Amino acid sequence: MNNVTATKIGYDPIEFASRDEIAALQLSRLKVSLTRAYTTPHYRAAFDKLGFHPRDLAALTDLASLPFTTKGDLRATYPFGLFAVPRDQIVRIHASSGTTGKSTVVGYSQADLDVWSHLMARSLRATGVVSSDIVHLSYGYGLFTGGLGFHYGAEKLGCMVVPASAGMTARQVTMIEDFGATVIGSTPSYMLAILDEYRAQGRDPAKSSLRIGVFGGEPWTNAMRAEIETAFNMHALDCYGLSEMMGPGVGIECVETKDGLHLWEDHFLAEIIDPETGAVLPDGQMGELVLTSLTKEAMPIIRYRTRDLTRLLPGTARSMRRIEKIRGRSDDMIILRGVNVFPSQIEEQLLSQPGISPHFQLDLHRDGRMDKMVVRTETAETLETQAHSALTAALAKRIRQSLGLTVDVQIGAPGSVPRSQGKALRVIDNRPKD
Ligand code: DLL
């Protein structure tokens, strides 16, 4: 694998600052952020109800007494109700369609876009990207924050950007090869589609010019990392973010450690809560990530319930704390006959079974009184009937033994599982809602 070395040249001093310095900066910025939020009817009503005024904040821990913000609050104030600056200071909006209900809108001032570009540039630098890189972006451009978020960050770093967007996979491969891209950004599931296309064109992905891939927007496992790194002979790093906080670039894995994602704590304040009780949990415990924006002008967000499950870990390559790779969203957790399982756990099993492709979908339905799950995946290569049956049985056994779940396994021919161009649709739940 190409060697990537990190030096401190060009880095922001705060990335290596002491915890005390970071906490002091957070406290002063939190006061400003709460004051900004208080100018919106939503937060004014929420804080007034508690008899809280932003000037009352004395310590970071005081934040725990304030109410959460949820996706529901964004829907209730749709489209522009949470904006804390006059409409004419908003220079960009993004929106998420969401899988259920109304879409949500987020707005940015020019200063917000500048912070975002800066943090994406900082994130890409942490993955080993340098100004001489050619960055091919296969994240969707548009209302999704992936494309433009990476685009501005890579340009800020001085890279040459290829704004490919997602789709037309055969052309993506042509562009990567013709332009000699050294870095790629895409959702991890779309990277697998690009990998398939390399093979379909008879090209060896390991011989591509790519040396770094920065993947995010959806959960993916370390097993998937190994698959992508081996196939392309490159580094695959995880990038976390969400529209409500900014977009991509809230947290990033550093190439020197690849041990979870450093959160940019100078701009976001992180808490982990028990998703049932809402109580704040100590570092190291698994729970739901709650984020507060510290520098956002147009749309400050206080204690946003991300629904993403992870835990907070001490800093390593940077002083700022890390989150463990996101296990999944609490709303993606499948409860099948009383067993809790995340799609990422199935992904790990599929990737540890030789002969299976990493593409999959989980189909849930009710059969009589019984809830059933069909794991739909496909073979890496076309197989004889006998080998196919043996592989089906082996995979079902592996899932039963590792996760304690009896599932139906259906292994189709290569290419039979629908491919995504953005975030993969992993779970199709057709069980009656009772
Ligand atoms: O997905 C921002 C993004 C784009 C991040 C490209 C990284 C790369 P949303 O569309 O608002 O924003 O979706 C946010 O996606 O709450 C997580 O559930 C999930 N997600 C994002 N990054 C990761 C990741 C963008 N690295 C939601 N691992 C978040 C796991 C992720 N889940």
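Which residues line the second largest cavity? The legends below take up this question first and then visit the rest of this predicted model.

**View 1. The second largest cavity and its lining.** Welcome to a small tour that starts inside the protein. The second largest cavity is lined by Leu-74, Thr-77, Tyr-78, Pro-79, Phe-80, Gly-81, Leu-82, Thr-104, Val-105 and Met-299. Its volume comes to about 40 Å³. Sorted by class, this lining holds seven nonpolar and three polar residues, with no charged residues.

**View 2. A cis peptide bond between Tyr-78 and Pro-79.** Two residues from the previous lining, Tyr-78 and Pro-79, deserve a frame of their own. The peptide bond that runs from Tyr-78 to Pro-79 is cis, and its omega is near -5 degrees. Pro-79 sits in the loop between helix H3 (71–76) and strand E1 (92–96).

**View 3. The largest cavity.** The search of the whole structure turns up two cavities of 30 Å³ or more, and the largest cavity contains about 100 Å³ of space. Around the largest cavity you will find Tyr-108, Asp-112, Val-115, Trp-116, Met-245, Met-246, His-267, Phe-268, Ser-293, Leu-294, Thr-295 and Lys-296. Helix H4 (residues 110–126) gives the largest share of this lining, three residues. By class, the lining of the largest cavity has seven nonpolar, three polar and two charged residues.

**View 4. The ligand and its shell.** Here the ligand takes centre stage, surrounded by 20 residues. The closest of them are Asp-238, Cys-239, Ser-243, Asp-308 and Lys-423. Nine residues of the shell are nonpolar, six are polar and five are charged. Strand E7 supplies five residues, the largest share of the shell.

**View 5. Polar atoms facing the ligand.** Zooming in on individual atom pairs, a polar side-chain atom of Asp-238 lies 2.7 Å from a nitrogen atom of the ligand. Arg-329 offers an N or O atom of its side chain at 3.1 Å from an oxygen atom of the ligand. Pro-219 takes part through its backbone, where an N or O atom lies 3.5 Å from a nitrogen atom of the ligand. On its own the ligand has 600 Å² of accessible area, and the protein covers 94% of this. Two elements give two or more residues to the shell around the ligand: helix H5 (145–156) and strand E7 (235–242).

**View 6. Met-168 and its positive phi.** This frame is for readers who enjoy backbone geometry. Met-168 is not a glycine, yet its phi is positive, at about 50 degrees. The residue belongs to the loop between strand E4 (160–162) and helix H6 (169–179).

**View 7. Stepping back to the whole protein.** After the close-ups, here is the setting they share. The protein has 10 helices and 21 strands. Its radius of gyration is 22 Å, close to the 22 Å that the globule rule gives for 434 residues, so the protein is as compact as a globular protein of that length. The C-alpha trace spans about 70 × 55 × 40 Å along its principal axes.

Definitions and conventions: Residues are numbered from 1 along each chain as its sequence is written. This is a predicted model: local features need pLDDT of at least 70, side-chain atom pairs count only at pLDDT 80 or more; totals for chains, interfaces and linings use all residues. Side-chain values use heavy atoms; hydrogens and water are left out. A residue is near a molecule or strand if one of its heavy atoms lies within 4 Å of it. A polar contact is a pair of N or O atoms within 3.5 Å; within protein, one must be able to donate a hydrogen and the other to accept it, and residues adjacent in sequence count only if both atoms are side-chain atoms. Accessible areas come from the Shrake-Rupley method with a 1.4 Å probe; for residues, only the protein chains shown count as cover. Helices (H or I, at least four residues) and strands (E, at least two) are DSSP runs, numbered from the N terminus. Ala, Val, Leu, Ile, Met, Phe, Trp, Tyr, Cys and Pro count as nonpolar, Asp, Glu, Lys and Arg as charged, and the others, Gly among them, as polar. On a 1 Å grid over the protein atoms alone, a cavity is a set of points where a 1.4 Å probe fits but cannot get out, and a pocket is an open set with protein on both sides within 12 Å along at least five of seven lines; lining residues have an atom within 4 Å of a point. Grid points are joined across faces, edges and corners, and a volume is the space filled by probe spheres set on the points. The radius of gyration is taken over C-alpha atoms; the globule rule is 2.2 Å times the number of residues to the power 0.38.
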